[in-house]
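Reader: I should be grateful for a close examination of the charged side-chain pairs in this model. Please describe where each pair sits and how open its partners are to the surroundings.

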Amino acid sequence: GPLSLLGGGAAEVVASGGARLGEAALASLDLTAGGAVAQAAGTKLTLGTLEVATAGGAVTLDAAGNAFAGAVTVDTTAGGAAAADVALTSAGALTLGGIGAKGLEISAGGDVLALGAVEAEGDARISAFRSLGDGDAATGSFGDVTLTAAGSRVGGTLSATGGRIELALEGGGRLAGGWAGG
């Protein structure tokens with residue numbers, strides 16, 4: 001079954017294969033997995049900082065109720081493995097400590113700020129939008145998307161949605177569907 005981690009403290013988890021997370025409420029979680037990392041349906045992660053390293057396994061932590069108070073760092077290339085896809089969802093703002101992925105999907109209900117390099121070999125979609133919860137996907141407020149940390153790059157197409165979008169990518173990259181609104 002899924003691994004539930006409660007108690008508010010810090011945890012370090014090493015899994016020789018993949019890992020499926022259940023409910024988690026911790027100040028910090030450091031997770032190393034030999035395979036994919038996923039989140040069980042109907043669960044939420046309430047974490048301070050999160051560090052995930054996989055040996056080529058995808059990371060899918062995309063429940064709408066997730067909340068990350070500190071930086072989230074994900075590296076899917078541990079041990080020299082080929083990069084894998086990463087999907088992260090946060091109900092509020094999302095601070096990225098660094099990301100190493102093949103494809104990248106980020107959805108936040110507030111600002112998205114990269115403190116460390118965000119590297120996607122393929123396409124990347126970043127959305128900083130909070131719905132008003134009235135059932136109308138067109139109403140809500142936008143957070144800012146700031147992707148300016150040194151070493152950040154997108155090998156494919158970057159699609160970004162936010163109130164203000166600030167990008168500084170190494171090696172160019174293509175921007176498609178970028179939208180800034182308020």
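**Salt bridges**

Author: At a relative accessibility of 32%, Arg153 counts as partly exposed. In this predicted model, the side chain of Arg153 meets that of Glu119 in a salt bridge, with an N to O distance of 3.4 Å. Glu119 belongs to strand β13 (residues 118-120) and Arg153 to strand β17 (residues 153-154), so the pair ties together parts that are 34 residues apart in sequence. Glu119 is likewise partly exposed, its relative accessible area being 30%.

This pair belongs to a wider set, for the structure holds three salt bridges. In general, side chains of opposite charge can pair when their charged atoms come close. Another of these bridges joins the side chains of Glu105 and Arg125, at 2.7 Å from N to O. Here too distant parts of the chain are linked: Glu105 is in strand β11 (residues 104-108) and Arg125 in strand β14, 20 residues apart. Glu105 has a relative accessibility of 30% and therefore counts as partly exposed; Arg125, at 47%, also counts as partly exposed. The upper limit of that class matters for Arg125, because a residue is called exposed over 50%.

There remains the bridge between Arg164 and Glu166, whose closest N and O atoms are 3.5 Å apart. Arg164 counts as partly exposed at 42% relative accessibility, and Glu166 is partly exposed with a relative accessible area of 36%.

Technical notes:
Residues are numbered from 1 along each chain as its sequence is written. This is a predicted model: local features need pLDDT of at least 70, side-chain atom pairs count only at pLDDT 80 or more; totals for chains, interfaces and linings use all residues. Side-chain values use heavy atoms; hydrogens and water are left out. A salt bridge is a side-chain nitrogen of Lys or Arg within 4 Å of a carboxyl oxygen of Asp or Glu. Helices (H or I, at least four residues) and strands (E, at least two) are DSSP runs, numbered from the N terminus. Buried means under 20% relative accessible area, exposed over 50%, partly exposed in between (1.4 Å probe, protein chains only).
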